[in-house]
Amino acid sequence: MAKARNTAFFCKECGFESARWLGQCPACREWNTFVEEPVVSREAAKTAAVGKVRPLKKAVPLKLGEISIEENDRTPTGFDELDRVLGGGLVDGSLVLVGGDPGIGKSTLLLQVCRSLSAAGKKVLYISGEESLKQIKLRASRIGEVTGALSFLCETSLDVIQETILAEKPDVAVIDSIQTMYREEVASAPGSVSQVRESTNLLMQIAKGEGVTIFIVGHVTKEGVVAGPRVLEHMVDTVLYFEGDRHASYRILRGVKNRFGSTNEIGVFEMREQGLAEVENPSEFMLAGRPEGASGAAVACAMEGTRPILLEVQALVTQSNLGIPRRTAAGTDANRVNLLMAVLEKRCRYEMGRYDAYVNIAGGMKMSEPALDLAIVIALVSSLKDKPLDERTVVFGEVGLSGEVRAVSLADQRVREAVKLGFTGCILPQICLEKMDTSAFAGRIRLTGVRNVREAIAVL
Ligand code: TYD
Ligand code: MG
């Protein structure tokens with residue numbers, strides 16, 4: 001008789017399950033990601049899940065009219081930046097994944113959120129599988145006094161955690177991190193695909209069944225996905241990524257998925273000695289320390305969700321000594337930079353092929369909005385000709401392949417942000433200028449509409 005199979009192959013990246021090993025994952029197209037793991041017996045998983053959390057009973061379907069939406073079912077977290085990314089506050093009973101590189105500040109952020117939620121009268125349970133209670137206390141002492149019902153638990157067994165949550169009935173719980181948690185029924189090691197998947201499953205049932213809001217911390221591995229766990233992304237309600245340059249002090253919290261709001265919002269924080277502080281005006285923050293009168297720089301206005309952010313685009317164009325000139329782009333799409341240089345070469349007759357070019361978004365911010373195109377072009381030409389652009393001028397617009405400057409969305413919001421920060425000039429697509437109600441900015445900013453790259457360069 002054939003031996004019963006009790007292992008399967010899983011893709012580390014996305015959780016795809018296969019009976020045999022595969023070189024490339026058919027789901028996420030990644031190579032060499034399959035690992036062999038024991039499979040969870042369906043029966044064991046079922047009894048564990050159904051038997052413990054929710055006893056079976058007949059369900060009652062409701063009509064839409066019978067479902068009440070309470071206005072106040074969102075809880076402010078005490079951080080406006082986080083509330084905005086969440087779509088206006090924390091939804092009760094939701095499951096939120098906070099992903100990010102190790103050491104970026106996930107535990108710090110969640111500890112601060114727990115602190116302010118408990119101060120607002122919520123019962124909060126912080127469960128750490130990574131740090132000892134002593135370490136947590138040390139961290140907590142850095143961020144300040146803790147008041148209210150905030151308690152801590154060091155535990156990695158989800159079965160124990162489940163019992164604890166059922167007994168303690170907290171309003172909010174934090175699981176730090178999902179990669180350290182394990183369930184008894186699952187034979188594989190913590191952090192493996194099946195463990196992470198089954199653990200999240202259980203947390204989902206606890207969140208939905210008990211109405212507990214649960215934050216899950218997930219570490220991103222070298223490959224840029226939460227270890228083992230893009231598996232998690234489709235199971236949870238909200239996915240937030242905490243990112244930033246480890247060497248810079250600011251951090252960006254980005255909504256990647258949100259069942260309760262839009263996803264293109266970001267929150268900006270700064271890592272300080274006493275924990276994370278909100279950055280209310282990111283433009284000012286990003287432009288701090290800008291050199292005056294330097295060539296090869298242009299300030300662009302990009303949109304992050306509903307929020308305009310001013311950034312400095314820097315370019316350095318130098319004579320090349322190599323057959324194939326060097327091209328690098330930091331903080332923006334390198335292919336886009338190559339494309340823009342090709343446009344300059346073909347449409348404006350600059351011999352870009354003889355020059356090396358380096359493009360950088362100052363401050364380490366990552367941004368690939370097409371509205372940055374025009375600023376990149378201006379910065380490149382400014383560096384090539386060694387002619388500085390007026391430092392009080394903002395530039396935005398998308399550049400097309402024939403060198404035309406195309407319209408971008410929300411132009412007036414971008415201009416308003418520039419005015420707010422004291423800029424006196426703005427180069428923008430002519431089409432945007434025509435549609436805009438300019439009376440609001442009259443006398444405060446000089447608006448220059450351009451139809452193509454050549455017109456924009458002429459302003460230099
Ligand atoms: P941490 O929250 O432990 O990261 P994660 O949970 O994402 O792995 O963040 C640790 C880093 O933050 C560490 O390098 C020290 C720094 N830090 C501060 O700069 N100020 C602080 O007040 C705290 C608590 C941490
Ligand atoms: Mg941590």
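Guide: In this predicted model, the shell around ligand 1 consists, by class, of 3 nonpolar, 6 polar and 6 charged residues.

Visitor: What makes a residue part of the surroundings of ligand 1?

Guide: A residue counts as near if one of its heavy atoms lies within 4 Å of the molecule. Ligand 1 is surrounded by 15 residues, and the closest are Gly103, Ser107, Thr108, Arg272 and Gly275.

Visitor: Which elements each supply at least two residues of that shell?

Guide: They are helix H3 (106-119), helix H4 (133-143) and strand E13 (266-272). H3 gives the largest share, 3 residues.

Visitor: Why is the approach of Thr108 to ligand 1 called a polar contact?

Guide: The cut-off is 3.5 Å between N or O atoms. An N or O atom in the side chain of Thr108 is 2.6 Å from an oxygen atom of ligand 1, so the pair qualifies. Arg139 has a polar side-chain atom 3.0 Å from a ligand 1 oxygen, and that pair therefore qualifies too. For Ile104 a polar backbone atom is involved, at 3.4 Å from an oxygen atom of ligand 1, which is also within the cut-off of 3.5 Å. On its own, ligand 1 has 560 Å² of accessible area, and the protein covers 76% of that.

Visitor: What makes an empty space in this protein a cavity?

Guide: A 1.4 Å probe must fit there but be unable to get out. By this rule the count comes to 1 cavity of 30 Å³ or more. The largest cavity has a volume of about 90 Å³.

Visitor: How do you know which residues line the largest cavity?

Guide: A lining residue has an atom within 4 Å of a cavity point. Those that line the largest cavity include Arg290, Pro291, Glu312, Leu389 and Thr393. Strand E15 (residues 297-304) contributes the largest share of the lining, 3 residues. By class, the lining has 6 nonpolar, 2 polar and 4 charged residues.

Visitor: Why is the peptide bond from Asp176 to Ser177 worth pointing out?

Guide: Because most peptide bonds are trans. The bond from Asp176 to Ser177 is cis, with omega near 0°. Ser177 is in the loop between strand E9 (172-176) and helix H6 (193-210).

Visitor: And what is there to say about phi of Lys169?

Guide: Most residues other than glycine have a negative phi. Lys169 has a positive one, near 50°. Lys169 sits in the loop between helix H5 (158-168) and E9.

Key:
Residues numbered from 1 in each chain as written. Chains lettered and ligands numbered in written order. Predicted model: local features only at pLDDT ≥ 70, side-chain atom pairs only at ≥ 80, totals over all residues. Heavy atoms only, no water. 1 Å grid on protein atoms, 1.4 Å probe; cavity = no way out; pocket = protein on both sides within 12 Å on 5 of 7 lines; lining within 4 Å. Points joined across faces, edges and corners; volume = space filled by probe spheres on them. Helix = DSSP H or I, 4+ residues; strand = E, 2+ residues; numbered from the N terminus. Nonpolar A, V, L, I, M, F, W, Y, C, P; charged D, E, K, R; others polar. Polar contact = N/O pair within 3.5 Å; in protein donor to acceptor, adjacent residues only side chain to side chain. Areas by Shrake-Rupley, 256 points an atom, 1.4 Å probe, with all protein chains shown as cover.
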